[in-house]
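Here are a few exercises to work through with the coordinates open beside you. Try each task before reading its solution.

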Amino acid sequence: MKALCIITFLFLGITLHTHAQSFDSLAWQKHFKTADSLMQKRAFAASLPYYEKALKTSSSNTEAFLTTRNGLGRAMSFLKPRAESEKYLLENVQLCQKKGEQSSFYSTALHNLGTFYLPVGVGNLPEMSEKYLKEAATLRKQNLGEKHLDYANTLNSLAILYRSLGKYSLSEQMYRESADIRKTALGPNHPEYLITLNNWAVLNVDMRNYDLAEDLYIKVLAAREKVLGPKHPDYAASLNNLAVLYNLSKKHSLAIETYQKSSLVSKEAFGEKRPEYASVLNNLALLYYELGRYHAAEELLKQALKIRKEALGSKHPDYAASLNNLALLRRETGHYKEALALSKESLGIYEAIFGKKHASYAQVLNTMAAMYGLANQSDSSWVMHQAAKDWALMQVLVQFPALTEAQKESFYFLKLKKYLRDYNTYAFSQNPKLYSGFLYDFQLSTKALLMQSAQKSRKRILASGDSTLVAQYGKWLDIKYQTIRALELGNEERKKRNIHLDSLLETTEILEKQLIQKSQAFEKLTEHKTVRWQDVQAKLKTGQAAVEMVRFKKFGVVKTVQDTSGGRSAEYPFYAYTDSVFYAALIIKKNSSQPEVVLLNNGKELEDKYLKYYQNSIENELADENSYREFWQPIAEALGNTKKIFFSPDGVYAQLSLNVLQNPKTKKYIFEELEVHTVTNTKDLLGFGKQSNPNKTASLLGFPLYDLNKADAQGLASVNRRALSDDERALTANFQSVQLLPGTKTEIETIGSTLIANNYDLTVNISELASEENIKKVNNPKILHIATHGFFIDEQNEQTNPMLRSGLLLAGCTNYAQAKNKPDTEDGVLTAAEAMNLNLDQTDLVVLSACETGLGASQAGEGVYGLQRAFCIAGAKTVVMSMWKVDDVVTQKLMTSFYAHYAQSGLVREAFRKAQDEVRKKYPQPYYWGAFVMTGE
């Protein structure tokens, strides 16, 4: 259903100039004041004729003329087609600029254009909105002062912009400043100040700070009732917003009560034929829909639809939204033919207004795809799913290059992923064998999309040959490190050090945007080449296969809704994504005419029951009689006599070491029967073998002295390079006690001797030198080897970035953790968030010789957020990581054997398999030899 409408206010800020003019000043003032008054009441259509009359009574290029044009432009932006409004507002900027860039006319024109481009409006160009609003804010602050109401007005618009972009910290900063100015200048009950408080409450709703939002809404509501009266439009809007909040807070009784009161007030304040009244009816209908009161919801939606058609016309986006809302409701009650007719009309309106590239158009496409599916019109459903998917992928191509890393992630998960998820689910649920080629191509386009986008941006900058750009990139990385350190410190420590996190975040973003703009000049057209499954197949040799694992959920009936709102009881099925989890293996062989599909319908059991069984078997060195059968046997049957696979995991498969699964028939491990080459995405094959660091350089770091005051390691017994115990599972500043790993010292020394004997130029950091500072100085060695404790803090409800919950412990980490007054140094903990900024773009191999370095927060389709992801983004071609806690002595033997073979042959995967096989023969249990997994080239 269409999202609930929370009303955000844009104070219009039209300044009335009354300088003496050589025209009918009285007539102009009369018409302009009338128009301005109607605008303040948001009666935009009614204001237009008065603005036009005022324009006719003013002389060209006079102050009155420019003031009127600014007002008329703002009114048009709410009513006229986008192109017409944009053209008029741009002309205003040019005309007002002739009066001088220091004039209030010019800053007002900039403000109006920036507000038009807000994502919440018709303009919907956030970058342009920020450009013009920032310029307006700078001029107003400079010319009018930082306490002026016009400056506060622009801050309010900037706050709305940043809120819509998910930049909540910046948005709150703008609201605070705007509120302070308005409160000081106008008083705590003035309508303008209350507008800022209202919008601030909307921000807190977005941030899920419902209690604070409720306090603000109630405060604004009481003040508006006192100052404006209970029949004022602003009071009605406050009631609507409070009702939306109650709905989101699941206080449904309060929500219904408040909506009903809001509808009565809105009806009286706006009139029963106004779109504002229709919005309240629409919101109450959506609440009834959510509660299964379909009949009551339908009556309100029909009423809102009628009002919007009469008030706005049948070509308005709000009317299109009502059509689609009604279509969704008719779908739920099984009236597919009528629902499709309504959605088709809605789609046509959006296309006429916005074109096919707009999000609203794509949303209806996706709605219709589901409707056709429920109506058993599979061909039409497939066409719609394809179109919606193509729209989402086009957004990646068009939008991603101009977005920061944080913006990409937000845009992907909030705006795009639902279309990609729905496409995947439909194709697998309907006829995966028929669609297998499309599905494989889809994985190549979307799997690990965010990670690969980050890799591409980094490579483009470093390969640009522009020394200024590369230096600027280095500066950005420095600020990023400072920002991550500030995040790790926590609120209290930041206050002590007078560190302003908001300022750091803003500086980081500004630098990143500058980098994006400059680096785009070096982007090659070949970077947009679409990869097909046939391209991957062409890289395979006889006896090889490529396997893409895909996790998806089933769409279907999740419950039955009993509706009694129509005076009789009726039951309807409610469709949504169920709890059922499925996995699919898409397999390409050298002779495949189409990718093969293997469906596993027990995904939920795999992720719970069988994963626990597998982990328990490994940890307690027990025979595993089930894992091969459940996780692998159907895939093995499809692979047949295949000898080597390029395997791209997803979901639970990213938590397995496939090599240790034992075939119950042959009593052999997968390691013995099949060579598994793990990759992030099988399209990575296309880039294999293109580049290798010719310099024989290696950086080895290990045996950190976690407590620099206890440096004596003599006589220490061998221990597990284990996971953290429960009492150690805190955020990264709280590692109070960490056990030394004597085996890592021997490991580093032995590996170092092997590499020196093979003419490697070596940098070694052990003991107190195995520090965070030194690892951050690493500069593109061919090999980076790190031997220490690793960790992943698995907190499902933790809001902390998962890249801050995964990392490596280094020298001095316990000293930092124990210090009451934290020193201004590194904390001795290299988090994944920091590791992703290391300089490893020419590094062939990274070995993380520590426990659980392969773990992290799993995100279906995007991989694991943790150390593996970090080192891949940092540029490493191949990463070796562990899937569970590892024995210190056995790990030392594995690593020294691996480097001995690698130094001789230069074949990293062959050397790693030989080392694992040697260890397996001495220590047969998978716990000892199978923990480490190699991913990448």
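The exercises below go from the whole chain to single residues.

**Before you start.** This is a predicted model, in which local features need pLDDT of at least 70, side-chain atom pairs count only at pLDDT 80 or more, and totals for chains, interfaces and linings use all residues. Residues are numbered from 1 along each chain as its sequence is written, and side-chain values use heavy atoms, with hydrogens and water left out.

**Exercise 1.** Find out whether the radius of gyration of the protein chain agrees or disagrees with that of a compact globule.

*Solution.*
- Step one is the rule: take 2.2 Å times the number of residues to the power 0.38, with the radius of gyration itself taken over C-alpha atoms.
- Step two is to apply the rule: for 937 residues, a compact globule would come out near 30 Å.
- Step three is to compare: the protein chain has 31 Å, which agrees.
- As a companion value, the C-alpha atoms fit a box of roughly 100 × 60 × 50 Å along the principal axes.

**Exercise 2.** Describe the burial and the contacts of the protein chain as percentages.

*Solution.*
- Start with the classes: buried means under 20% relative accessible area, exposed over 50%, and partly exposed in between (1.4 Å probe, protein chains only).
- Buried residues then account for 57% of the 937 residues.
- Next, count contacts (heavy atoms within 4.5 Å).
- Of the contacts between residues at least 6 apart in sequence, 71% join residues at least 24 apart.

**Exercise 3.** How many disulfides does the model have?

*Solution.*
- Look for pairs of cysteine sulfur atoms within 2.5 Å.
- By this rule, the count is zero.
- For two of the cysteines, check the burial too: Cys 96 is buried at 1% relative accessible area, and Cys 872 is buried at 8%.

**Exercise 4.** Place Asn 366 and Tyr 613 in their helices, and say which class of accessibility each has.

*Solution.*
- Helices are DSSP runs (H or I, at least four residues), numbered from the N terminus.
- Asn 366 sits in helix H17, residues 359-374, and is buried, with a relative accessible area of 9%.
- Setting aside neighbours within four places in sequence, Asn 366 is in contact with His 385, Ala 388, Lys 418, Tyr 419 and Asp 422.
- Tyr 613 belongs to helix H26, residues 603-619, and counts as partly exposed at 27% relative accessibility.
- Not counting residues up to four places away in sequence, Tyr 613 touches Ala 623, Asp 624, Glu 625, Asn 626 and Ser 627.

Note on methods. Helices (H or I, at least four residues) and strands (E, at least two) are DSSP runs, numbered from the N terminus.
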